[in-house]
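I opened this entry to look up two things: aromatic pairs and helix packing. My notes follow the display.

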Amino acid sequence: MNPLESRPAKPLSGAMRVPGDKSISHRALLIGALAAGETVIEGLLEGEDVLRTAAAMRALGATVERGEGNVWHVRGRGLGGLTEPAEILDMGNSGTAARLLMGILASHPLTAFLTGDSSLCRRPMGRVRAPLEQFGAQIVTRGGGRMPLAIIGTADPMPVHYRLPVASAQVKSAVLLAGLNTPGRTTAVELQPTRDHTERMLRHFGAEVDVAEEGDGALAVTVTGQPELTGREIQVPADISSAAFPMVAALIVPGSEIVLTGVGINPRRIGLIDTLREMGADIEIRNEQAIAGEPVADLRVRAGALAGVAVPASRAPSMIDEYPILAVAAAVAEGKTAMHGIAELRVKESDRLATMARGLAACGVEIEEGEDSLVVHGCGGGIPGGGAIATDLDHRIAMAFLVLGLAAERAVTIDDSGPIETSFPGFAALMNDLGAAIGPAGETR
Ligand code: S3P
């Protein structure tokens, strides 16, 4: 346990490059390990989640090494070339690492055992087991589809056409990755568009991925199996889901103005920017360019008054990880912010609906928690603060409440900052470089 507190801050100013995108970093390592030849990755997120993926791919026979200056080198096994791991694969806190890896393993003829920390071991894996069994893999889980689990990949996979019952990029990606080492065409149909980093990266490595709109507006994403995947160069953009924390901090600490550089602005990831702008936020997108198949830009953010809004359920996939920090912006805003269609938050690193609701209430913010909704009654500026927050092994809950403390009347304490290392190593120091006051409890004055 590593408690931290944050106090009302002076205006934030300066430029920051947040660490690399977590989703893209996992995919670069996973697909690099399946490709023939060398993949060179610049700007990989060196957070615990991604390092778990690196370790797992090494255990499966790929060479994954950190070179000079945050450049990583992966020498892949070639599609179908992974070898059976001698040890249990520990995926730590990372649902993405676990579910995407299960997709790959499903169509490789080997047996692997997967586990994770206590947060990951309570998250549902049945959502990937169902489609992966259709390829012919066998998966044995604990009760309720929980990890630890064993997966016996099939030597003779069948292509699958799978309609996703939940809007989940992880499930879509598991299906597409299983389809890679499967003859024929594998399709994942999604009713709501989710992040498409797997599709973009597969194309970057030379695979054929088609997207077709179905009559009902659903998207059918099809990968043609057994492509030649060739090692590539990848530059990982800064993670918009990490940039979200300094972004909201700069909006709610009066007088702030910051620039977040090189941030990935994939259209399926920018629901938070759209929502904050609807609330009146001053966010300017500058220097837009495309890097390794992904759009990237600098974001200039200036503090100002925010007003509550209704956030439609249809926006949830494009900002699924950003609700904790949106709730913090909503707590400062004038009026009510209603977030609908967010039941998926209950199966993230923590039950985020519950951890947010509890934490906001502890900081003197009025909330209404529904089964799949959260209503925050904004304080119109002065949040009382003073809460002691139980983060429940959830990095985004930890960072959201440290940001809240910067704009509150009294310091906010979180019980454990350790999980922040999974996605945003150096968070407190980088925030303090901008002018924040985050540090060990009792030492921030
Ligand atoms: C991710 C997909 C999302 C997101 C997670 C990363 C990915 O999960 O919450 O942090 O990289 O594919 P779901 O697919 O479960 O919504």
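Entry 1, burial. The model is a predicted one, and I began with two phenylalanines. I found F245 buried, and F427 buried as well.

Entry 2, aromatic pairs. I looked for ring pairs and got two for the structure. One of them joins F245 and F427, with 6.4 Å between the ring centres and 80° between the planes, an edge-to-face arrangement. I then checked where the partners sit: F245 belongs to helix 7 (residues 240-252) and F427 to helix 12 (residues 427-434), so this pair ties together parts that are 182 residues apart in sequence.

Entry 3, the other partner of F427. I took F424 with F427 and noted ring centres 5.1 Å apart; the planes stand at 70°, so I logged this pair as edge-to-face. F424 is buried, as is F427. I recorded F245, F424 and F427 as one aromatic cluster.

Entry 4, helix 7 again, this time against helix 8. Helix 8 covers residues 271-278, and I read an angle of about 15° between helix 7 and helix 8, with the axes 10 Å apart. Angles under 35 degrees count as roughly parallel, so I entered helix 7 as roughly parallel to helix 8. The crossing of helix 7 with helix 8 is right-handed.

Entry 5, the contact itself. Which residues of helix 7 meet helix 8? I listed I240, A244, M247, V248 and L251 from helix 7; on the helix 8 side they meet L272, I273 and L276. Sorted by class, this contact of helix 7 with helix 8 has eight nonpolar residues, no polar ones and no charged ones.

Terms used: Residues numbered from 1 in each chain as written. Predicted model: local features only at pLDDT ≥ 70, side-chain atom pairs only at ≥ 80, totals over all residues. Heavy atoms only, no water. Phe/Tyr/Trp six-rings, centres within 6.5 Å; stacked < 30°, edge-to-face > 60°. Helix = DSSP H or I, 4+ residues; strand = E, 2+ residues; numbered from the N terminus. Buried < 20%, exposed > 50% of the residue type's maximum accessible area, 1.4 Å probe, protein only. Axes fitted to C-alpha atoms, helices over the stretch in contact; angles between N-to-C directions. Parallel < 35°, antiparallel > 145°, perpendicular 65-115°, else oblique. Left-handed = near helix turned anticlockwise from the far one by under 90°. Contact = heavy atoms within 4.5 Å. Nonpolar A, V, L, I, M, F, W, Y, C, P; charged D, E, K, R; others polar.
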